[in-house]
Amino acid sequence: MPKPKIILGIETSCDETAAAVLQKDGDRITILSNVVASSAELQSKYGGIIPEQAAREQIKSIIPVIDEALNNAQISKDKIDAIAVTQGPGLIGSLLVGVETAKTLSLLWKKPLIPVNHLIGHFYANWIASDKSTTIPHTSHSTPIFPAIGLLVSGGHSDIVLFQNHGKFKYLGGTRDDAAGECFDKCARLLSLPYPGGPQISKLAKEGNPKTYNLPRPLNSSRDLDFSFSGLKTAVSNLISDLDVNNPQVIKDLCASIEQAIIDCLTKKTILAIKTHKIENLIVAGGVAANPKLATELQKNCQLPTVNCKLFIPPPLLCTDNAAMIASAAFFIKPAKNLLDIQANPNLSLAY
Ligand code: KG4
Ligand code: ZN
């Protein structure tokens, strides 16, 4: 079977319903369309995601979103060479909507189906060619070269992996409790900021002083490549009982201090991984990678003569959940031999 040149990607792991059409021309992967419908605003009313509600919203949006992706790409289904879908991890109800829709379309349209691990998909946002500048001016638009260290920082995961090649990676470490995004979200909730909390904290942090509150950096001096963020959330919870949370400057300083503590932990272990494995390429991915301060700190550290590593971070819209990253990853994965082998798997991980 010839390698697919045009892939329709489908992503429904959580509260985003997304579809995208991507084209691969030689080594260059470009976006023909990229549609994301989110129920985050609805979920925000309840301070977090209600899985059943997220799944119901997926069902409402999936067909219109796929239609819109094909329309925006200005291609008919006949031009699609393969369909890619997020297999997991995520919320089972949400995943099932994408996986079963993709299986049905694959049968109807007679197109191969490529299952993608959502976490691996995040990294492949770094393989998409972009004409627009990314969050950091130094980031190159070329693609990463293996071996590379991968840092995944999302709402549910904070992992460090060593990529030896496409599809070949080794888990080096990760969070022992809350993920970095989860920590942003939980701290935001303590401060009565809306969900998702990461972007809110990041925005308020710009006007705050990160040195105001001395928050813990758990596991920061351990030699492993693990993180722990639940203690940070507890420290914030204890601290605010003594603070005037009605004073906007207090909130801004607290946001800046929280953001700095999370970034310090992520940067320390990522740089340790680069040095330990003598790596020259760092690929960062996941919703928290949209944080501009994290990008700046990683870049500053990567440029140190003792580190000297090239940094790749996708533009913010490709850091948070989207289907372009799923289609991009699928260019490097073989289609499933049997459709029945593809089952939604909420527990997929990077730690094999
Ligand atoms: O990758 P993602 O969109 O979904 C998952 O796969 O989990 O990540 C969502 C997470 C949320 O926790 C959100 O608060 C966080 O990414 N996030 C940010 C920023 N934008 C999104 N965290 C910090 N700063 C941001 N700018
Ligand atoms: Zn994600």
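Why is the arrangement of the four donor atoms around the zinc ion (ligand 2) irregular? The four donor atoms subtend angles of 96 to 136 degrees, which makes the arrangement irregular; four donors count as tetrahedral if all angles lie between 85 and 135 degrees, and as square planar if opposite donors are over 155 degrees apart and all others between 65 and 115.

This is a predicted model, in which local features need pLDDT of at least 70 and side-chain atom pairs count only at pLDDT 80 or more. Residues are numbered from 1 along each chain, and ligands from 1 in the order in which they are written.

Now to the zinc site. Its protein donors (N, O and S atoms within 2.8 Å of the metal) lie 2.0 to 2.1 Å from the ion:

| Donor residue | Donor atom |
|---|---|
| His118 | NE2 |
| His122 | NE2 |
| Asp321 | OD |

In sequence, these donor residues follow the spacing H-x3-H-x198-D. His118 sits in helix α4 and Asp321 in the loop between α10 and α11 (324–330), so the pair ties together parts that are 203 residues apart in sequence. Both His118 and Asp321 are buried, meaning under 20% relative accessible area with a 1.4 Å probe.

Next, the largest pocket: its volume is about 1,100 Å³. On a 1 Å grid, a pocket is an open set of points where a 1.4 Å probe fits, with protein on both sides within 12 Å along at least five of seven lines; lining residues have an atom within 4 Å of a point. The lining has 39 residues, and Ser154, Gly155, Gly156, Asp185 and Tyr195 lie nearest the pocket's centre. Helix α5 gives the most to this lining, with six residues.

How values were computed
Heavy atoms only, no water. Points joined across faces, edges and corners; volume = space filled by probe spheres on them. Helix = DSSP H or I, 4+ residues; strand = E, 2+ residues; numbered from the N terminus. Donors = N, O, S within 2.8 Å, 3.2 Å for Na, K, Ca; no water. Tetrahedral: all angles 85-135°; square planar, octahedral: opposite > 155°, others 65-115°. Buried < 20%, exposed > 50% of the residue type's maximum accessible area, 1.4 Å probe, protein only.
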